[in-house]
Amino acid sequence: MAVTTYSTSLPSAERYKNGKVQVALVWNSRSESSPSFEKLNALSNYMWNKGGPRRDVHLIHSIWANFQTSMSNVIFGNRWRHLIGERDFWEHVGGIDVSMVPSSFGQANTRAFDSLLQKLQKCVPYGSSVVDLYAGAGVIGLSLAAARKCRSVKCVEVNKEAKYSFEKTASRLPTTVDCCISWHQADTSKEPLSWLIGSDVVVVDPPRKGLDPSLLTALQSLSFTKIKHNLPESTKRNVQNEKRPWILRGDTSVQINKEMGQGESQSSLPQTLIYISCGWDSFKEDCMSLLSRKAWRLEKVHGFNFFPGTHSIEILAVFKRGSGGNIKKKKSGKKKKPTRGPLDVIEDNLFEESLFDKIENLE
């Protein structure tokens, strides 16, 4: 991962000019007490001597070890160790300083991500109550708290390692931020309605596979949902044994600033859904499912070129509650062919042609 500098007040071009690399070594052992740890230390010391601060060209920011013995396709295990170099690095995106470590997810193309965040912020009304699902270290939610003067922001993430970055980033929020901010280590696929209740805006940034089926169902059925002021005990999420090592066993949450007032957390249902997607096929299916019940209508879509030179495109879609779920084609005398480019993957059917009409210029 390329990193820049602590001085996030510098222009991005100057920060990137002196960028360095944060190295994560995935080691096939259970912990640093294994016999092969001496070899790991020797490798990290060799790399540091070749690319550390004592060299003419300082390339390496820090070196980390991840211990992983699983034979599955999961890259990282649940145990990390900082070996050498600086521990934290900072980037400035979405109007806030963001702290990242290799154990938490971060966008590689930070400049494109910053453009997406600026566009996203304009879609959130001032003073909204926001829930950020699949939140990672909470970059989206925290940027909204700072830029849109949100009433409350809840960040929900399944990866326990993201907690550290969230706390570091929250510590550098402007002192003018007056918002109830919280981070929760939880699986959004379990009782997702309990996270949706009380929010005006829902932000989802799922992995490439798209939304969890249970969350998609909850979003589809919001029009038929009646709020119960006394939520059942099940919403407290009984702790179960978790076989996935990167998920913390038990409930972990972080509360920043003031606490939410009584009754406020159960007083509303979301009216806006903001969907960020890195997978076109899964987004297409989820979008069709959301529109099929006519509980949501697609208001606008933006495309962002996070990976230049590839066919991959990052989608920012804004849905609003209400009827009109079917996307209407633009009326014109002749059917115009869309400009071919990164969206060549679009098939020639009604849904995708209409969706393309809603996608503004690629940024």
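A nonpolar core is a set of buried Ala, Val, Leu, Ile, Met, Phe, Trp, Tyr and Cys residues joined through side-chain atoms within 4.5 Å. In this predicted model, the largest such core has 41 residues, and L120 and I181 are the residues with the most contacts inside it. Leaving out residues up to four places away in sequence, L120 touches I140, L144, I274, I276 and L316. Another core lies apart from the largest one; it has 32 residues, including L211, Y275, L291 and W296. In soluble globular proteins, nonpolar side chains tend to be buried together.

The strands are described next, beginning with β7. Strand β7 spans residues 129-133, and five of its five residues are buried, so β7 is largely enclosed by the rest of the structure. Both of its faces are covered: S129, V131 and L133 lie on one side, V130 and D132 lie on the other, and all are buried. Strand β7 is joined to β8 by five bridges, and the two strands run parallel. Within this pair, S129 stands opposite S152 of β8. Helix α4, residues 139-147, belongs with β7 and β8 to a right-handed β-α-β unit. Strand β7 also pairs with β10 in the parallel sense, over four bridges. Here V130 stands opposite V201 of β10.

Strand β8, residues 152-157, is in turn joined to β9 by six bridges, and these two strands run parallel. Between β8 and β9 the chain passes through helix α5, residues 162-171, in a β-α-β crossover that is right-handed. The bridge partner of K154 in β9 is S182. Strand β9 covers residues 180-185; six of the six are buried, so β9 is largely enclosed by the rest of the structure. Its side chains point in two directions: C180, S182 and H184 one way, and I181, W183 and Q185 the other way, all of them buried. I181 of this strand was named above for its contacts in the largest core.

Strand β10, residues 201-204, is joined to β12 by four bridges, and the two run parallel. V201, which stands opposite V130 in the pairing with β7, stands opposite T272 in β12. Strand β12 consists of residues 272-277, and six of the six are buried, so β12 too is largely enclosed by the rest of the structure. T272, I274 and I276 point one way from β12, whereas L273, Y275 and S277 point the other way, and all are buried. I274 and I276 are among the residues touched by L120, while Y275 is a member of the core of 32 residues. Six bridges join β12 to β14, and this pair runs antiparallel. T272 stands opposite K320 of β14.

Outside the strands, F306 was examined in the loop between β13 (296-304) and β14 (314-321). The relative accessible area of F306 is 3%. Buried means under 20% relative accessible area, so F306 counts as buried. Apart from neighbours within four places in sequence, F306 is in contact with Q107, N109, A112, F113, L116 and E314. One of these contacts, L116, is 190 residues from F306 in sequence, yet their C-alpha atoms are 9.7 Å apart in space.

Conventions:
Residues are numbered from 1 along each chain as its sequence is written. This is a predicted model: local features need pLDDT of at least 70, side-chain atom pairs count only at pLDDT 80 or more; totals for chains, interfaces and linings use all residues. Side-chain values use heavy atoms; hydrogens and water are left out. Buried means under 20% relative accessible area, exposed over 50%, partly exposed in between (1.4 Å probe, protein chains only). Two strands pair if DSSP finds at least two bridges between them. A crossover is right-handed if, with the strands pointing away from the viewer, the path from the first strand over the helix to the second runs clockwise. Contact means heavy atoms within 4.5 Å.
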